[in-house]
Amino acid sequence: MTPEEKKARRDLERIEAEREKLFHGTPSAANDDHDPMEVLGKRIARILGPLLAAGLFFYLLLTYLPST
């Protein structure tokens, strides 16, 4: 294998590792679920997400549906 091929393979392996991390999360051993800020952030997001979605839905209904 030429040096260019070796470098290309290393780059592809690095990109694949980054893609796996991005789309599939970190491995469970590296995942720190005991961090209080992460737990609080997840709780807030899980509560606010559906509330904001519902609020936006009703706002759009009231704004864009013709009132009779």
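A salt bridge is here a side-chain nitrogen of Lys or Arg within 4 Å of a carboxyl oxygen of Asp or Glu. In this predicted model, Lys-7 and Asp-11 meet that condition, because their closest N and O atoms are 3.0 Å apart and so fall within 4 Å. The protein chain has 68 residues, of which 0% count as buried, and its secondary structure consists of two helices and zero strands.

**Chain and surface**

- The accessible surface of the protein chain amounts to about 6600 Å², and carbon and sulfur atoms account for 65% of that area.
- A nonpolar patch on the surface is formed by Met-37, Leu-40, Ile-44, Ile-47, Leu-48, Leu-51 and Leu-52, which together have about 720 Å² of accessible area.
- Leu-51, one of the residues of this patch, lies in helix α2, which covers residues 36-64.
- With a relative accessible area of 54%, Leu-51 is classed as exposed, because the class begins over 50%.

**Salt bridges in helix α1**

- Four salt bridges are present in the structure, and as a general matter side chains of opposite charge can pair when their charged atoms come close.
- Lys-7 and Asp-11, whose salt bridge has its closest N and O atoms 3.0 Å apart, are four residues apart in helix α1 (residues 3-24), so that about one helical turn separates them.
- Both partners of this bridge are partly exposed, Lys-7 at 44% relative accessibility and Asp-11 with a relative accessible area of 26%.
- Glu-18 forms a salt bridge with Arg-14, with 3.3 Å between the closest N and O atoms, and the two residues, four apart in helix α1, are likewise separated by about one helical turn.
- Glu-18 is partly exposed with a relative accessible area of 46%, and Arg-14 is also partly exposed, with a value of 44%.
- Glu-16 and Arg-19 join their side chains in a salt bridge of 2.9 Å, taken from N to O, and their spacing of three residues in helix α1 places them about one helical turn apart.
- Glu-16 counts as partly exposed at 36% relative accessibility, and Arg-19 is partly exposed with a relative accessible area of 36%.
- The contacts of Glu-16 and Arg-19 belong to a wider arrangement, since Glu-16, Arg-19 and Glu-20 are linked in a network of salt bridges.

**Aromatic pair**

- The count of aromatic pairs comes to one, and the rings concerned are those of Phe-57 and Phe-58, with centres 5.6 Å apart and planes at 65°.
- The pair is edge-to-face, because an angle of 65° between the planes is over the limit of 60 degrees for that class.
- Phe-57 is partly exposed, with a relative accessible area of 49%, a value that lies in between the limits of 20% for buried and 50% for exposed.

Methods. Residues numbered from 1 in each chain as written. Predicted model: local features only at pLDDT ≥ 70, side-chain atom pairs only at ≥ 80, totals over all residues. Heavy atoms only, no water. Buried < 20%, exposed > 50% of the residue type's maximum accessible area, 1.4 Å probe, protein only. Areas by Shrake-Rupley, 256 points an atom, 1.4 Å probe, with all protein chains shown as cover. Patch = residues over 30% accessible without salt bridge, like charges linked within 9 Å, V, L, I, M, F, W, Y side chains within 5 Å. Phe/Tyr/Trp six-rings, centres within 6.5 Å; stacked < 30°, edge-to-face > 60°.
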